[in-house]
Every structure is written in structure tokens, then in C-alpha cells.
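This report introduces a structure to a reader who has not met it before. It treats salt bridges and a pocket in turn.

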Amino acid sequence: MPNSELMPIGVLAQRSGLTSSALRFYADSGLLPPAEVDPVTGYRYYGADQVARATALRQLREIAMPLAAVEAVLDAGPDEAARLLDEHVAKVVGDAAEVRQKAAVIKSALGSNVPGPQIATLKGPVLADAIEQVLTATVHEPGIAVLAGLHIEAGHEAIALTATDRYRLSTRTMVPARPAEQTWAGTVDGDDMRAAVAEVRRSALVRIEVVPHGIWLRMPEREDRHCRLLSEEFPDYRLMLASLGEATTRATVSKDLLLRALEEHPGERIALHIDDHGVNVRSAHNEHSGIPLPATVTGEAVQVWFEMITLYPAVSTAIGPDVMLDLRGHDRPVTIRSADRGDLTTLAMPVKFDHSA
């Protein structure tokens, strides 16, 4: 006769979300043995303290964790269990990226086994830098896949990479090493481009070819990489840039000095106060003092507030020793420009500072 405090397998199934057959499987595998088995009927009974383990087991299996790893997590302390979970998630994400890449290659091969038209040939290190710089302005947002994409516009004289997360817009223009065979515009998957950066950086030249479902990054003596084409239309960023109007204040400041000031800033929001004396980096707690930076300034004095997560990437990805800030008032987008090997332009949206906060 079972202990009255024990529950039959059907009750544990209801409380844990596992089926009775699954509980039998996990009992036979040693992961969740019953507290008692009736020697006559063979019925299995479980203790109330086993509900939590059964529920955790179900949750771990729902994220496709192997049985051996499940047992390790269930028997580990909180810190070790968290580490094992992170390892599992990283492996799943890596496997999914590899499968997605291989599927894209297969899909491309189904459409055409011949090389596509070349739209640009670029130096690998330069292209890798440009991809990383522009992709800082992407975001994964449900239902809007294009915000995680990289828009490519290739002409005979230049190629432009553009991305936007609605709070930032970055566009990088480069001069190709060889003239393009045709003009082309499209948006490719940002994760695919990001995954290709390491190979691109190690290739002297990268030839970009267009195929029906994406682009190929052709790299002599290295593995070619395929990047999927997104079907969504990219936002008309040129129209947005054209509607900004002329800058009322312009400041040119050292990139390194501005970055250092941002890194020393303790808060999540930051103000740039710009006047004839230069650029002053201020905090929310003290608007009347801050870190003064020498700068060449023209136009009217202005103070603009930014989220640190918006401003810092826009400055850190700039190319060359200086950044130029074009401002149009405290509530208008700020254009951050730089130039060295080509040019990089980033549009950063300011925030309204609540003085009562």
C-alpha cells in the first residue's frame, strides 16, 4: 500500500506537464525515478518534492537539451546550472546559424549554378570594417526583419552600405577596387554578413555577385560566403536625410577625446553642450559642469540629450581621427560624419530630458 503522501503517476503528469509515458521514460533512464513502486501492480508513485524536478526536466527538454546535459543541470547548483544553460543556448544558436547558412547555399544552387553578375570588388579588410561599422545600427525586432538587414547600393563609381534601427541610421560609402558590371540595390540578412566578416577580413579582395536569392561574397583561396536576400522594402532613408534641413550648428571634435569623455560618463543619458568654447559632455545630475573638449564650432549654441547606447556606437564606429556633428536644434536628429577610407555618416536621434526625473 503506497504512502498516503505520495501521488500516482497521472497526478504528477498533470502537475508537471509531462505525459505519463514520458515520466516512465525518465524513470527508466534514471533522471526521475519514482519514490515508490507497488510490487504487486507495478504502479509508480511520486513525492510532492519531485514536482519541481519534473517541471524543470520538461522545460529543459523543451529547449532540446540532451539527457546527459539535463541530468547535469538538475543536479548542479544555481551558478553551474546557469553556465550549462548558457553553453547549451550558444551551441543551439551556432548550429542554427550553420544550418541556415547551408540551406541558403543550397537554395542559391537550386536557382543557378553559374556565377552571378558582379556588383563590386572591394578590399577585404575595408569591406569587413564597413560591415561592422554599419551593422551597429541594426536591431532584431519581431515583424520588421529589414531593421536587422544591411542595404547595399552598388553603382559604377561607389558602393554604399546602410542600416537603421529607427534610432540610428548609418551609411558607409566606398570606392570599389574594380568597376561594377551593373548597378544593383537590395537588402541582405545582417546576421549572414556579420558571420562572414572574419573570412572577408582575411581576403585581399572580395567580389560581390548577385544571385536569385541573395549575394555571394567570392574570396580567392578562402571559402565563399552566401548572404540571403530579404524581401522587405528598405526604408527610404534618402528622403529622410533630405527632409532634415540645413545644420544650424556644426562642431568638429577629436573622436578619441569624445569617446574617452563618454566612457568616463557614469549615467545612461548624456548631454552635449556645444557653444563657442567647444563641446562639453554633461550628465543628468549636473548640467552646469562636465568634461570640456576642444572643438571647432560654427553656428548657435545648443544642448542635445542622447541615450548612451545610441551616441557611443555612432561615435566609436567613426573612421578617421575626427568626427563632425551637424545639429539642427535640441529635438532634431544629429548627423555624425567622418571620413578616411571612404566616408561614414550616422544619424542619431536625441531624447527629451525630463528635468523632474
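## Terms and basis

A residue is called buried under 20% relative accessible area, exposed over 50%, and partly exposed in between, with a 1.4 Å probe and protein chains only. The model is predicted, so that local features need pLDDT of at least 70 and side-chain atom pairs count only at pLDDT 80 or more, while totals for chains, interfaces and linings use all residues. Residues are numbered from 1 along each chain as its sequence is written, and side-chain values use heavy atoms, leaving out hydrogens and water.

## A network of salt bridges

Across the whole structure, a search finds 21 salt bridges; the term denotes a side-chain nitrogen of Lys or Arg within 4 Å of a carboxyl oxygen of Asp or Glu. R207, E209, R218 and D224 are linked in a network of such contacts.

Within this network, E209 meets the side chain of R207 at 2.8 Å, N to O, and that of R218 at 3.0 Å, N to O. E209 is buried, at 3% relative accessibility. R218 is likewise buried, with a relative accessible area of 16%, whereas R207 is partly exposed at 31%.

## A salt bridge between two strands

D326 and R337 form a salt bridge in which the closest N and O atoms are 3.2 Å apart. This pair links distant parts of the chain: D326 belongs to strand β18 (residues 322-327) and R337 to strand β19 (residues 334-340), eleven residues apart. Strands (E, at least two residues) and helices (H or I, at least four) are DSSP runs numbered from the N terminus.

The partners differ in exposure: D326 is buried, with a relative accessible area of 5%, while R337 is partly exposed at 31%.

## The second largest pocket

The second largest pocket has a volume of about 180 Å³. A pocket is an open set of points on a 1 Å grid over the protein atoms alone, where a 1.4 Å probe fits, with protein on both sides within 12 Å along at least five of seven lines; lining residues have an atom within 4 Å of a point. Points are joined across faces, edges and corners, and the volume is the space filled by probe spheres set on them.

The lining of this pocket comprises 16 residues, with T164, R166, L169, M240 and L347 nearest its centre. The elements giving two or more residues to the lining are β7 (168-174) and α8 (237-242). By class, the lining holds ten nonpolar, two polar and four charged residues.

Methods. Nonpolar A, V, L, I, M, F, W, Y, C, P; charged D, E, K, R; others polar.
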